Amino acid sequence: MAKKGNSHSWNPTNSTRHHSTDAPTTGPKRDPNLGTYDTSQGQETAVLVAVPDKRAPEAQTREYLDELEFLAETAGAQVTKRFVQRLDKPDIRTFVGEGKLAEIKAYVNHARISMVIFDDELSPSQLRNLEAELKVKIVDRSLLIIDIFARRAKSATARTQVELAQYQYLLPRLTGLWTHLDKQRGGGVSQRGPGETEIETDRRVVRERIDFLKEKLKDFDKQSHTQRKSRGGVIRVALVGYTNVGKSTIMNLLSRSDVFAENKLFATVDSTVRKVVLENVPFLLSDTVGFIRKLPTRLIESFKSTLDEIREADLLVHVVDISHPSFEEHIAVVNDTLKDINAADKPMLLVFNKIDQYELDSQALKKHEFEGMNPDEDEIPRPSLEQLQATYMAKMHDPVIFISAQERQNIDELRALLVRHVAALHRQRYPNQGVGEFYEAE
Ligand SMILES: Nc1nc2c(ncn2[C@@H]2O[C@H](COP(=O)(O)OP(=O)(O)OP(=O)(O)O)[C@@H](O)[C@H]2O)c(=O)[nH]1
Ligand SMILES: [Mg+2]
């Protein structure tokens, strides 16, 4: 069953930021092992900063920031303000321009904000400059996502993968922070500041840890490869999709299991595999980590073992949240990520989920229009669910189905669709074995 709205306090143990010799008197506690800080002290207050392209539509900018705010909330931070500056490209030194930075600084000081979150990955030097200027925690999109993953990862493999991503994020950022500290102490550029040796030591420690974690993951890979081989003879289906679209809810529905599902981003980080038998047709169903726009590449790389589940699947079930205004972009992000991990040319079923929510939202919009309130003038009128279905049935190459996992709408049709495709794949792959045989032999 889906658990809605569970709130957990954020408590990542290994947040890889804020490397500094001078521990602040208030704020996050320093991890003595690596000089990193735990960013989970109580409820954090945060502001969001985005630098959209000058031509980006207003509605898109708002949605990107909504998503960043959702990520921040998932990580336990309360967002109190958003700053947007339209530029051709972000400022190379401080991401935003001088004027905007002064505006952010004034607000951060006045409202006693503890963290500034940027909707992009910052370069090590941007990070250092912003930290020197704003004197609060600077978090970029990559770090925010890595921190959420750190909180969610449960299995040994997922935890090792997250730790690898954390150290890889940290490594290029060690220098910057030290140089900044040296300058504060009055050390000139030509002068070798104190800490020069320490940073080399730190770098070495981090590199060694990265090597160690990579080796450890290789061992896990070997183990899971053997495990997967022993599952031979049965078709493997993977649920894929953008984060928070309902993959785990569908997994629970189909396999009658109890996988953690909730209205937060990245509820699932570990992949789960269940054996499902529908109408005597057995297959393995795996629930996987959701995708998101601008997923840090290093995170994808370090999550290789988890993504193998997708790469080795015979059939992908691509779940889409049709009630989300950006669902089309989400489809594109998922398809691009599948390409990145070499899993794009697999047979796919498209499941448009949350039709109940789509209808609810449409009714609410109509009511607004009727009452003469139209808050979004740049918004294009919504097609009806029937119109959408017709469009997508005609437009997509893959089979399409519209469901509500929560309200159990069209679930029998989804099961029938799955059975048909799994049985066909089974006959193709194992021509000498009857579809039910594997199951019966067990
Ligand atoms: N209205 C509505 N909500 C749904 C439906 N299916 C799932 N949800 C809700 O959507 C939220 C996310 O569902 P999950 O199943 O956790 O989504 P997920 O794709 O596994 O998410 P991640 O693991 O975070 O990538 C939960 O609050 C679900 O209860 C649906 O058909 N309609
Ligand atoms: Mg999930």
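Two strands count as paired here if DSSP finds at least two bridges between them. With that in hand, welcome to a quick tour of this predicted model. Strand β5 and strand β6 (residues 137-140) run parallel and are joined by 4 bridges, so they meet that criterion for a pair. From there we move on to helix α3, the two domains and the surroundings of ligand 1.

**Strand β5 and its partners**

- Strand β5 covers residues 115-118, and both of its faces are covered.
- Met115 and Ile117 lie on one side of β5, Val116 and Phe118 on the other, and all of them are buried.
- This fits a general pattern: side chains in a regular strand alternate between the two faces of the sheet.
- Strand β3 (residues 44-50) also runs parallel to β5, and 4 bridges join the two.
- In the pairing with β3, Val49 stands opposite Phe118 of β5.
- In the pairing with β6, Met115 stands opposite Lys137.
- Between β5 and β6 the chain passes through helix α3 (residues 124-134), making a β-α-β crossover that is right-handed.

**Helix α3**

- The buried residues of α3 are worth a look: Gln126, Leu127, Arg128, Asn129, Leu130 and Glu131 are buried.
- For orientation, an α-helix has 3.6 residues a turn, so residues three or four places apart point the same way.
- Lys135 follows α3 and has a positive phi, near 55°.

**Two domains and their contact**

- The protein divides into domain 1, residues 29-213, and domain 2, residues 231-441.
- Domain 1 puts 25 residues into the contact, while domain 2 puts in 20 residues.
- On the side of domain 1 that touches domain 2, at least two residues come from each of α1 (58-74), α4 (141-152) and α5 (156-170).
- That side of domain 1 is made up of 13 nonpolar, 6 polar and 6 charged residues.

**Around ligand 1**

- Ligand 1 is surrounded by 25 residues, and the closest are Gly246, Ala261, Asn263, Thr268 and Gly290.
- Two elements, α8 (247-255) and α12 (355-370), give two or more residues to this shell.
- Helix α8 provides the largest share of the shell, 3 residues.
- If you are thinking about chemical character, the shell holds 13 polar, 7 nonpolar and 5 charged residues.

Key. Residues numbered from 1 in each chain as written. Chains lettered and ligands numbered in written order. Predicted model: local features only at pLDDT ≥ 70, side-chain atom pairs only at ≥ 80, totals over all residues. Buried ≥ 20, exposed ≤ 12 C-beta atoms within 10 Å, placed from the backbone. Right-handed = clockwise from strand over helix to strand, strands pointing away. Near = placed C-beta within 6 Å. Nonpolar A, V, L, I, M, F, W, Y, C, P; charged D, E, K, R; others polar. Domains from an automatic or database assignment. Contact = placed C-beta atoms within 7 Å.
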